[in-house]
Amino acid sequence: MTADRAAGDEVFVLWHARHLIVDEEGRTAHRDPDGEIHLAEEEWRILGIFTDEAAAEAQRGMSRKLPGFRDEPDCFDISPLVLDEDMWTDGYFTEYPQGHQDVT
């Protein structure tokens with residue numbers, strides 16, 4: 001950690017969701033019926049981690065013009081993140097599709 005950043009400081013993560021689910025007409029489904037980003041089937045990418053929200057917003061604007069990202073321009077998210085904070089305190093589990101077995 002650099003001298004100008006301290007534990008507990010907040011940074012901003014710029015994410016993009018590439019959606020893998022299509023509707024009945026073959027179009028990519030980006031949003032749920034309530035307007036929220038569709039979370040059922042997607043692939044999230046981190047585009048960058050920024051020291052302030054304005055810098056993350058500026059990068060989102062530039063990224064919307066790039067190949068691939070411009071096909072899903074409304075599928076960006078900027079999330080605040082506190083440095084040195086444990087976000088996985090309860091562990092995790094994997095839910096497998098029916099018929100799939102864990103072979104560990």
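This report describes the fold, core, surface and selected residues of a predicted protein model.

Residues are numbered from 1 along each chain as its sequence is written, and side-chain values use heavy atoms, with hydrogens and water left out. Because the model is predicted, local features need pLDDT of at least 70 and side-chain atom pairs count only at pLDDT 80 or more, while totals for chains, interfaces and linings use all residues.

## Overall architecture

The protein chain contains one helix and three strands, arranged from the N terminus in the order β-β-α-β. These elements are DSSP runs numbered from the N terminus, with helices (H or I) of at least four residues and strands (E) of at least two. Of the 104 residues in the protein chain, 20% are buried; buried means under 20% relative accessible area, exposed over 50%, and partly exposed in between (1.4 Å probe, protein chains only). The accessible surface of the protein chain is about 8,000 Å², and carbon and sulfur atoms account for 51% of that surface. Accessible areas come from the Shrake-Rupley method with a 1.4 Å probe; for residues, only the protein chains shown count as cover. Among contacts in the protein chain with a separation of 6 or more, 66% join residues 24 or more positions apart, where contact means heavy atoms within 4.5 Å.

## The nonpolar core

The largest nonpolar core has seven residues in all: Phe-12, Leu-14, Phe-50, Ala-56, Phe-69, Phe-76 and Ile-78. Two or more residues of this core come from each of β1 (10-19) and β3. Such a core is a set of buried Ala, Val, Leu, Ile, Met, Phe, Trp, Tyr and Cys residues joined through side-chain atoms within 4.5 Å.

Leaving aside neighbours within four places in sequence, the core residue Phe-12 is in contact with residues including Phe-50, Ala-56 and Ile-78. Its further partners include Gly-48, Asp-52, Glu-53 and Pro-80.

## Aromatic pairs and the surface patch

The structure holds three aromatic pairs. Rings of Phe, Tyr and Trp (its six-membered ring) pair if their centres lie within 6.5 Å; planes under 30 degrees apart count as stacked, over 60 as edge-to-face and the rest as tilted. Two of the pairs are set out below.

| Pair | Centre to centre | Angle between planes | Class |
|---|---|---|---|
| Phe-69 and Phe-76 | 5.9 Å | 45 degrees | tilted |
| Trp-88 and Tyr-92 | 6.2 Å | 85 degrees | edge-to-face |

Both Phe-69 and Phe-76 are buried. In the other tabulated pair, Trp-88 counts as exposed because its relative accessibility is 62%, and Tyr-92 counts as exposed because its relative accessibility is 67%. Trp-88 is placed in the segment after β3 (76-82). Together with Met-87, Trp-88 and Tyr-92 make a nonpolar surface patch of about 480 Å². Patches are made of residues with over 30% relative accessible area and no salt bridge: like charges are joined within 9 Å, and nonpolar side chains (Val, Leu, Ile, Met, Phe, Trp, Tyr) within 5 Å.

## Helix α1

One salt bridge is found in a search of the whole structure; the term denotes a side-chain nitrogen of Lys or Arg within 4 Å of a carboxyl oxygen of Asp or Glu. Arg-60 and Glu-57 form this kind of link, with their closest N and O atoms 2.6 Å apart. Both residues belong to helix α1 (residues 53-63) and are three residues apart, about one turn of the helix. Arg-60 counts as buried because its relative accessibility is 14%, whereas Glu-57 is partly exposed at a relative accessible area of 37%.

Ser-63 is also found in helix α1 and is buried, with a relative accessible area of 2%. Not counting residues up to four places away in sequence, Ser-63 touches Leu-47, Phe-69, Arg-70 and Phe-76. Ala-54, likewise in helix α1, counts as exposed at 54% relative accessibility. The C-alpha atoms of Ala-54 and Phe-12 are separated by 9.2 Å, the two residues being 42 residues apart along the chain.

## Further residues

Arg-18 lies in strand β1 and is partly exposed, with a relative accessible area of 35%. Arg-18 and Glu-43 are 25 residues apart in sequence, and their C-alpha atoms are 5.1 Å apart.

Asp-84 is in the segment after β3 and counts as exposed at 59% relative accessibility. Although not a glycine, Asp-84 has a positive phi of about 60 degrees. Most residues other than glycine have a negative phi.
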